[in-house]
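Student: Please take me through this structure one question at a time, and let every answer finish on the value or name I ask for.

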Amino acid sequence: MIAILIFSMLVVYITFTGKVKNFVERTNYKNILEIKTGLEKTNEPFVLICGTIGFGEINPNLIKFLKNNKENLKAVIGSGNKNWGSVLFCKAAKDISKTFKVPLLFTFENSGNNYDLEKFKEILT
């Protein structure tokens with residue numbers, strides 16, 4: 001059901017260190033939007049890919065973006081670093097999933113590995 005829902009859906013991402021951008025570029029997915037200022041607007045349903053900053057915080061530009069686009073958020077994918085422990089690993093994505101009542105499709109570490117890329121392609125096709 002989720003695969004049908006998000007077939008060819010817009011993928012929106014925000015990157016803090018460049019790791020999420022690296023992951024997105026390696027997927028070769030074409031229907032993407034990068035959040036840079038938080039003022040971007042989309043009228044189409046989207047899957048969000050985001051990392052966590054600081055001690056589990058959500059990037060302020062992502063908060064701005066979600067305030068203006070929350071009605072189109074359909075699912076979230078999280079990037080993180082396991083060195084922060086299980087509680088803080090991908091905390092932003094977990095919090096967004098819970099707050100907006102959308103599925104957390106999966107999480108990956110840093111820029112992801114080949115398994116993560118295959119999982120992404122499997123979910124979005």
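Tutor: Before we start, helices are taken as DSSP runs of H or I of at least four residues, and they are numbered from the N terminus. The model is a predicted one.

Student: Helix H5 is followed by a residue whose phi is positive; which residue is that?

Tutor: Helix H5 comprises residues 91-100 and lies across E3, E4 and E5. The residue that follows H5 has a positive phi, near 55°, and it is Lys101.

Student: At about what angle does H5 run to E4?

Tutor: Angles run from 0 to 180 degrees between N-to-C directions, so the value carries the sense of each element as well as its tilt. For H5, which lies across E3, E4 and E5, the angle to E4 is about 160°.

Student: How large an arc do the buried residues of H5 cover around the axis?

Tutor: Buried means under 20% relative accessible area, and the residues of H5 in that class are Ala92, Ala93, Ile96 and Ser97. They sit on the same side of H5, because the arc they cover around the axis is only 135°.

Student: Which exposed residues are carried by the face of H5 turned away from its buried side?

Tutor: The buried side of H5 is covered by elements that include E3, helix H3 (60-69), E4 and E5. On the face turned away from that side, the exposed residues are Lys98 and Thr99.

Student: What is the order of the five strands in the open sheet?

Tutor: The pairing in this open sheet is parallel. Its edge strands, each of which pairs on one side only, are E2 (32-34) and E5 (104-109). Neighbouring strands are turned against each other by 20° on average, with direction ignored. Read across the sheet, the order is E2-E1-E3-E4-E5.

Student: Which residue in E2 is the bridge partner of Val11?

Tutor: Strand E1 (residues 10-13) and E2 run parallel and are joined by three bridges. In E2, the bridge partner of Val11 is Ile32.

Student: About what angle does the direction of helix H2 make with that of E3?

Tutor: Helix H2 (residues 19-27) packs on the sheet and touches E1, E2, strand E3 (46-51), strand E4 (73-80) and E5. Between the direction of H2 and that of E3, the angle is about 140°.

Student: Which residues of the largest nonpolar core touch the most other members?

Tutor: This core holds 18 residues, and E1, H2, E3, E4, E5 and helix H6 (114-123) each supply at least two of them. Apart from it lies another core, of 16 residues, with Ile14, Cys50, Val76 and Ala92 among them. In the largest core, the residues that touch the most other members are Phe23, Ile49, Ile77, Phe106 and Phe120.

Student: Is Leu48 buried or exposed?

Tutor: Leu48 has its place in strand E3, and its contacts, leaving aside neighbours within four places in sequence, include Val12, Ile35, Leu62, Leu66 and Ile96. The cut-off for the buried class is under 20% relative accessible area. With a relative accessibility of 0%, Leu48 therefore counts as buried.

Student: How many residues apart in sequence are the parts that Lys21 and Glu34 tie together?

Tutor: The side chains of Lys21 and Glu34 meet in a salt bridge, with N to O at 3.8 Å. Lys21 lies in helix H2 and Glu34 in strand E2, so the separation in sequence of the parts they tie together is 13 residues.

Student: How far apart are the closest N and O atoms in the salt bridge of Glu71 with Lys41?

Tutor: Glu71 is partly exposed at a relative accessible area of 46%, and Lys41 is partly exposed as well, at 49%. A salt bridge needs a side-chain nitrogen within 4 Å of a carboxyl oxygen. For Glu71 and Lys41, the closest N and O atoms are separated by 3.3 Å.

Student: In which helix do Asp95 and Lys91 both lie?

Tutor: A search of the whole structure finds three salt bridges, and the side chains of Asp95 and Lys91 meet in a salt bridge of 2.7 Å, N to O. Asp95 is partly exposed, with a relative accessible area of 24%. The two residues are four residues apart, about one turn of the helix, and both lie in helix H5.

Terms used: Residues numbered from 1 in each chain as written. Predicted model: local features only at pLDDT ≥ 70, side-chain atom pairs only at ≥ 80, totals over all residues. Heavy atoms only, no water. Pairing = 2+ DSSP bridges. Contact = heavy atoms within 4.5 Å. Core = buried A, V, L, I, M, F, W, Y, C linked by side-chain atoms within 4.5 Å. Buried < 20%, exposed > 50% of the residue type's maximum accessible area, 1.4 Å probe, protein only. Arc of directions from axis to C-beta.
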